[in-house]
Amino acid sequence: MLFSVPGIINGRFIGFLLDIAMAALVYYYIKTRKMVHIRRVPGLDAIEEAVGRSAEMGKPVICSYGIGGFTYWTLAGLSILSHVAHLTAKTGSRLIVPTGGGDQSLIVRPVAEEIVKTAYTMEGVEDQYNPDDLPFYSGQQYAYIGGYVGVMQRVRPGSVIMTGSHASEAMNIAETSNAVGAITITSGSYISNVAALACASDYILIGEEAPAAGAYLSEDPAQRASIRVQDLFKWLAIAVMVLGIAARSLGNDLMLRLLST
Amino acid sequence: MAEILKNRQLQIIVMMLSFLFVFLPYFLNVPQLNTASTKLITITSIVTAFTIALAVIAQFRRGMNIINRRSRGWYFKAYMLVTLVLMLGFSLISRETGPYHWVMFAVVNPLSSVNYGILAFYMASTAARAFRARNTKALMLLLSGFVVLIYQAPLTGAYFTGFEPIALYLGSTFAMAAGRMFLISVTVGAIVFGVRVILGNEPSVLGISKEEQ
Amino acid sequence: MAKDNGGILKWMAEYDRRYVYLALFLVMVGPLLRPIGMPISVSPDTRQYYQVLQQVQPGDKVFFTLNTEFSGYNEIQSGIIATMRLLVEKNARVAFGVAHVEATVIPELIVKAVQAEMTANDYQYGRDYIILGYIFPNEAAVAAGAQDFHSVVTQDWLGRPIAGTFLDEIDDWEDWDLIADFTTGIATSYLINHYALRGTPMIMNCIGVMIASEKPYLDSGILLALLQSMRGGAELEFLIGHPGPGLTAMDGFSFGHYALIIFILIGNVGYFGYTRQQQMKISKEAK
Amino acid sequence: MVDFIEISVVAVGTFLAMCMFSTLYGKSSPLYALAEESYIGFATGLTIIWNIDYIWKTGIVNIMAGDWVLLFSILLGAMMLLRVHPKYGYVARLPIAIVLGAQFGLSLRTVIFTGFIQQISATIVPLFTGSTQALLYNWTIVICVIFMLTFFFYTIEMEGALGMSAKFGEYLLYIAFGTVFAQTFMGRLGLVIGFLQSYTIPDWKTPYLLASMVLVLALIMYMDRAGLLEKLTPEE
């Protein structure tokens, strides 16, 4: 510990400060409504190519956004779903969106319906929107897997795009998708999932790439701003590490004491 | 009353107050505040336990729908609803013995185990298909996976001791560092997302549809 | 299936994945029916876990949390039972809490497995151990329990009041001497955030899937020790000299790994012997 | 002596388990549906039981002991249930606001320490002092964390030095993925073996396991030949 701040519990000051700083930055970006520049992640090209190939083969596209509630991963999945819906509306492929899978997913489903419908309306093919193509596979993970796998085996999709808050069921889906010969594009939200999916998929959006892709596609300044704030904090992390390591290697533990303040 | 409950502004203010009431006492040195905050957290835990009912209602509705429509295999759904109600009944008899206990070990235990156990088979077929030295990235994956697999099998781990230090090294450095990197970036992402919700920027999370904004 | 198109090499590149499933099944069931018994090397992480358990004093209050489904229990039961056995030998007082509804009957299995030691050390329900049931349904419940234990937990799993048991000595996080967490990832970060971060000593036995996610907590000192998957459990059994489900499973464990390694090798031979040749042929023809 | 109840547990358990394994056959089947619906039904029932149990023990018992403030929790919980009501759904917004606020409060106040500050502190290691092994470990960890992090920047283009660093980070990530994949496989394998073990020890259980295996496989293959799989499997 370097110093103590009156009124604040010892050892918790830096955490408090960082939380406040993050909130202030997000608030600042939302208030100014600045559109932050986000680079295009290569995964988006892979998605576009996959949807295009499915259209050429006359096969449907399956796209899912996860089984969780409204988390940061689900929002990314929904942004990507919106993009895919626009693409399929343009190319005329059938889009199937399996929904459900978790207790929390019930509240996300109406939003997903809305997103797909809006995309079809905006592309001027509202008549092609079919609510039955967003089947609800119960609020249980295992039933969801059964439904998802079943629909893949029956319709033999050209591509499967699985992003958002998927958990262990992602492996069942990716393996089946590959077995039915679909182009498999996935994203994972925790490391063992990412590692397994990196092997099982044709293309993978590693970790944060999915939210970044979602923010790139989104017109919402707040979503983009949060990617910027995250970047800033990652820079901060690297800077503190480098300085700290340099100091520690020279026998100075100032940085460590500061962090534990 | 309805107007007040529908008011979006009020809802966001309530959320913010609830947030601050939990957040601040952790940092500030005020014991009384801490006691009150604990009470709010306890209340939250109970209210959250109620939400499970929502999922069950949805489950019931969907089941009834399928049964009413007499879709192919509707009797499976009817069976599911019966088992659900049966389980509730069983629990009233006894949780230590009897039918509840039987169901736990004859049905729930094996099915839960297989449900995740199947993944071993999927992972094996994935590895058999994907662990091929197609390019540099795949080669790295293959080499590190291979060494760790050989170490993890107890037989080779014990006799070919050369693999052990490499596998332990890979696990405590590369894998750990990747885990740490994920942890850092997910933490920052989660905090930023939380801040956005608290600031009222993600109304869909609160159950407010787009038209109402 | 034209023979001239590559024959065995083609098969090696493109065989039906159901062969993998079948082979894996057979190599796992076989050794379970006829155990061979193989030696095992003990990793430093397991030694560290053992060291922490060695330092438990008689009368220490240990929070034994089972945040797992049945499936996870099957994987880490060796670690769970070996840990419990050590705790009983050390005369620690143990409270079981669970974060998954399926785990509510697991304490019963653990108690049955170490019955002999418990009888030998005169363990009595309420005085030396207690089963609390489903007390971690969500993060708020964990957090509230860390700040005021009795505001959340009033009865044991069968509805008997906990007043008068050794839990009277527990007020908040500070009063636990050790948390032993057995987890598939459910509620684990809650225990870390609301107990271990504040300073409660915490050790963990996680399933293989969670190792990479939990290792950073071990490395940064938030966790005192991390026992890994079924292999860690078998190593612990080896260390305490009391073979259990972990060590008997190690044969199938070895063979499962070898089956996978062989399939990877077959796949690579097939890839370089057939798939790659085909790709080159196609690209040559394209030119 | 093995009694009838124990035998029934093993017989039913192995049969249902093999039904669930039948999904590996690659086609959906009524046997899988049976296993799946059994699990959903009983597991959902179980979830209800224990959540009511929690509400009872933490809420009602405390209220009866005189802790009146907790009455709010029951009131808010009841309001929460109206969420599915088409007309009065808005009533649920208040409890949702309170729950979300508290949840984010709980996570924001802690993850900044466990997921950010302490992870950075743990990466600040000496790079020139210590044993050879410690140095090797420290250097690798530092290089990995920093280069892997650079792979995850999105608001600047990946050009020049940063692009190279990100590329290098990606290779490091793939080495890590190989290890993590192996660990994950070990976990899943342990799970299956643990499961099989519970049906091979003690010895009397093994015949039931093998019989179920053969029975389910035979049933599936018969139904596949007879074209019954499609007919009897429920629609999703």
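**Exercise 1.** State how many residues each of chain B and chain C brings to their contact, and which elements of chain B take part.

*Solution.* Step 1: take two residues as in contact if their C-beta atoms, placed from the backbone, lie within 7 Å. In this predicted model, totals for interfaces use all residues, whereas local features need pLDDT of at least 70 and side-chain atom pairs count only at pLDDT 80 or more. Chain B then contributes 42 residues and chain C 45 residues.

Step 2: assign helices (H or I, at least four residues) and strands (E, at least two) as DSSP runs, numbered from the N terminus. Residues are numbered from 1 along each chain as its sequence is written, and chains are lettered from A in the order in which they are written. On the side of chain B that touches chain C, two or more residues each come from α3 (31-50), α6 (98-130), α7 (136-152), α8 (154-159) and α9 (163-198) of chain B. The most come from α6(B), with 14 residues.

Step 3: sort by class. This side of chain B has 22 nonpolar (Ala, Val, Leu, Ile, Met, Phe, Trp, Tyr, Cys, Pro), six charged (Asp, Glu, Lys, Arg) and 14 polar residues (the others, Gly among them).

**Exercise 2.** Describe the fold of chain A by its elements, domains and burial.

*Solution.* Step 1: chain A has 10 helices and five strands, and its C-alpha trace spans about 65 × 40 × 35 Å along the principal axes.

Step 2: an automatic or database assignment gives domain 1 (13-37 + 221-259) and domain 2 (42-217) of chain A. Their C-alpha centres lie 33 Å apart.

Step 3: of the 261 residues in chain A, 57% are buried (20 or more other C-beta atoms within 10 Å of the residue's own, C-beta atoms being placed from the backbone).

Terms used: A residue is buried if 20 or more other C-beta atoms lie within 10 Å of its own, exposed if 12 or fewer, and partly exposed in between; C-beta atoms are placed from the backbone.
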